[in-house]
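Subject: Handover of a protein structure

Dear colleague,

Please find below the structure that I am handing over to you. The notes that follow it set out what was found, and I would ask you to read them with the model open.

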Amino acid sequence: MEVRRLDATDLTAFRELRLEGLKLYPGAFGSSYEDSVKLPDLHFLGRIESSHMLGGFVDGELEGCLCLAPETGQKVCHRGSIYAVYVRKAWQGSGLAKMMMEAAVDLAPGLGLRQIELFVSSSNPRALSFYRKMGFEQVGTVPDALRVDGVFYDEHYMVRHLGA
């Protein structure tokens with residue numbers, strides 16, 4: 001298993017992986033499969049090029065992804081967000097997600113980040129447990145943040161402080 005930053009050559013694999021995650025786990029993401037499947041390749045390429053999109057590879061195949069996106073404003077540039085985290089079912093529990101998160105945490109200080117933030121759906125207790133094990137603390141909850149097929153889900157806001 002290896003983790004590296006995605007680039008334009010990974011576009012097709014990333015698009016397929018992202019759409020798979022959205023389709024299989026609609027309650028885990030703020031984006032929907034129905035909206036995202038209509039988006040052009042240029043949208044997915046933009047996500048790769050405008051952030052630190054990390055890919056988890058097994059035998060050269062993209063099996064997971066995680067995005068670290070630093071804030072850009074003068075007052076918030078010490079913060080970054082984690083989003084679009086997904087690992088294919090066959091590799092869940094394998095340590096691939098941990099490798100991707102560790103790579104993001106290692107990358108963050110070099111980007112000037114002092115903390116990393118994320119939102120996780122209340123419908124995903126496994127992810128909530130994983131983020132806690134990775135040093136994130138729940139600092140808030142957004143009630144009814146997501147509506148999937150008429151069912152509302154809260155999202156938990158989590159932060160990991162990296163120090164000075």
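How many bridges join β6 to strand β7, and in which sense do the two strands run? There are eight bridges between them, and β6 and β7, the latter covering residues 151–161, run antiparallel. Please keep in mind throughout that this is a predicted model.

The sheet

The two strands just mentioned belong to an open sheet of seven strands with mixed pairing. Read across the sheet, the order is β1-β2-β3-β4-β5-β7-β6. In general, strands of a sheet pair through backbone hydrogen bonds, in either a parallel or an antiparallel manner. The edges are formed by β1 (2–5) and β6 (137–148); each has a single partner strand, so one side of each lacks a neighbour in the sheet. On average, neighbouring strands are turned by 25 degrees against each other, with direction ignored.

At the β1 edge, β1 pairs with β2 in the antiparallel sense over four bridges. You may locate this pairing through Arg4, whose bridge partner in β2 is Gly55. At the β6 edge, Glu137 stands opposite Val159 of β7. The hairpin of β6 and β7 has two residues between the strands, and in this hairpin Asp149 takes a positive phi near 50 degrees.

The nonpolar cores

The largest nonpolar core has 22 residues. The residues with the most contacts inside this core are Ile82, Met101, Leu118, Tyr131 and Phe136. At least two core residues are supplied by each of β2 (52–58), β3 (61–70), β4 (79–87), α4 (96–107), β5 (115–121) and α5 (125–133). The largest share, five residues, is that of α4. Apart from this core lies another one, of 18 residues, which includes Phe29, Ile48, Cys67 and Ala84.

Phe136 is a useful residue to select on the screen. Leaving aside residues up to four places away in sequence, Phe136 touches Met101, Ile116, Leu118, Tyr131, Met158, Val159 and Arg160.

Aromatic pairs

A search of the whole structure gives five aromatic pairs. One of them is formed by Phe14 and Phe44: the ring centres are 6.2 Å apart and the planes stand at 70 degrees, so this pair is edge-to-face. Because Phe14 lies in helix α1 (residues 11–24) and Phe44 in helix α3 (residues 41–50), the pair ties together parts that are 30 residues apart in sequence. Both Phe14 and Phe44 are buried.

Tyr131 and Phe136 form an edge-to-face pair as well, with 6.0 Å from centre to centre and 70 degrees between the planes. These two residues are also buried. Together with Phe130, Tyr131 and Phe136 form one aromatic cluster.

Helix α1

Does the length of α1 agree or disagree with what its residues should span? At 1.5 Å a residue, the 14 residues of α1 should span 20 Å, and the end C-alpha atoms are 20 Å apart, which agrees. The buried residues of this helix are Leu11, Phe14, Arg15, Leu17, Arg18, Leu19, Gly21 and Leu22. They pack against α2 (33–36), α3, β2, β3 and β4.

Individual residues to look at

Most residues other than glycine have a negative phi. Against that background, two further residues deserve a look. Asp59 has a positive phi near 50 degrees and is placed in the loop between β2 and β3. Ala84 also has a positive phi, near 55 degrees, but lies in strand β4.

Are these two residues buried or exposed? Asp59 has a relative accessible area of 77%; because exposed means over 50%, Asp59 counts as exposed. Ala84 has a relative accessibility of 6%; because buried means under 20%, Ala84 counts as buried.

Finally, Ala90 is found in the loop between β4 and α4. With a relative accessible area of 69%, Ala90 is exposed. Its C-alpha atom is separated by 28 Å from that of Gly46, a residue 44 places away along the chain.

Yours sincerely

Note on methods
Residues are numbered from 1 along each chain as its sequence is written. This is a predicted model: local features need pLDDT of at least 70, side-chain atom pairs count only at pLDDT 80 or more; totals for chains, interfaces and linings use all residues. Side-chain values use heavy atoms; hydrogens and water are left out. A nonpolar core is a set of buried Ala, Val, Leu, Ile, Met, Phe, Trp, Tyr and Cys residues joined through side-chain atoms within 4.5 Å. Buried means under 20% relative accessible area, exposed over 50%, partly exposed in between (1.4 Å probe, protein chains only). Contact means heavy atoms within 4.5 Å. Two strands pair if DSSP finds at least two bridges between them. Axes are lines fitted to C-alpha atoms, for helices over the stretch in contact, and angles run from 0 to 180 degrees between N-to-C directions. Rings of Phe, Tyr and Trp (its six-membered ring) pair if their centres lie within 6.5 Å; planes under 30 degrees apart count as stacked, over 60 as edge-to-face and the rest as tilted. The expected span of a helix is 1.5 Å times one less than its number of residues.
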